[in-house]
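Please look over the sequence and the model shown below before reading the report on its sheet.

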Amino acid sequence: MCPLPLAAAAVAAPRAPLRLLGRGLAAAMSTARPLISVDYEVFGEVQGVCFRMYTEGEAKKIGVVGWVKNTSKGTVTGQVQGPEDKVNSISGDTCADLLHRKSWLSKVGSPSSRIDRTNFSNEKTISKLEYSNFSIRY
């Protein structure tokens with residue numbers, strides 16, 4: 001079964017978890033289900049095409065935290081953390097009602113970008129989130 005987006009979950013959830021959501025995304029995610037962290041590097045035409053801003057927006061829609069930045073070798077790199085099902089949605093492993101996000105970071109980036117390949121590495125289970133939001137680093 002596909003999990004509800006965070007906003008829909010807040011409406012459908014009992015009163016106690018709503019108080020949890022009031023403490024922020026990080027608090028809500030850290031108590032809900034197993035958390036993972038994954039590093040990524042995106043290759044292709046990903047600099048100078050609003051790729052970092054697009055990535056930040058998609059991360060916030062999906063409900064994951066972490067960061068993204070340009071590298072000196074023309075790639076984009078970063079780290080994403082959150083519930084396993086949400087983090088897996090960045091590589092295309094997602095449920096049918098999130099098809100518009102299905103290929104985020106693997107195949108689809110900002111409208112002017114071209115992704116040749118994405119390497120995911122250092123996947124690990126974490127006990128708590130290291131970031132409170134998703135940000136662009138410089």
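The report that follows describes how the strands of this predicted model are arranged.

## Order of the sheet

In this predicted model, five strands make up an open sheet with mixed pairing, arranged in the order β4-β1-β3-β2-β5. Because β4 (114–126) and β5 (134–136) each have a single partner strand, they stand at the edges, and one side of each is left without a neighbour in the sheet. From one strand to the next, the twist averages 15°.

## Antiparallel pairs

Strands β1 and β3 pair in the antiparallel sense, with eight bridges between them, and valine 38 is found opposite valine 80 in β3. The pairing of β2 with β3 is likewise antiparallel and extends over six bridges, with tryptophan 67 standing opposite glutamine 79 in β3.

These two strands, β2 and β3, form a hairpin in which five residues lie between them, and glycine 74 in the turn has a positive phi of about 85°. As for covering, β3 is mostly covered, since eight of its eight residues are buried.

## The parallel edge and the packed helix

Strand β2 (residues 65–70) is joined to β5 by three bridges, and the two run parallel; glycine 66 stands opposite phenylalanine 134 in β5.

Helix α4 (residues 51–62) packs on the sheet, where it touches β1 (35–45), β2, β3 (76–83), β4 and β5. The direction of helix α4 makes about 175° with that of β5.

Conventions: Residues are numbered from 1 along each chain as its sequence is written. This is a predicted model: local features need pLDDT of at least 70, side-chain atom pairs count only at pLDDT 80 or more; totals for chains, interfaces and linings use all residues. Side-chain values use heavy atoms; hydrogens and water are left out. Two strands pair if DSSP finds at least two bridges between them. Helices (H or I, at least four residues) and strands (E, at least two) are DSSP runs, numbered from the N terminus. Axes are lines fitted to C-alpha atoms, for helices over the stretch in contact, and angles run from 0 to 180 degrees between N-to-C directions. Contact means heavy atoms within 4.5 Å. Buried means under 20% relative accessible area, exposed over 50%, partly exposed in between (1.4 Å probe, protein chains only).
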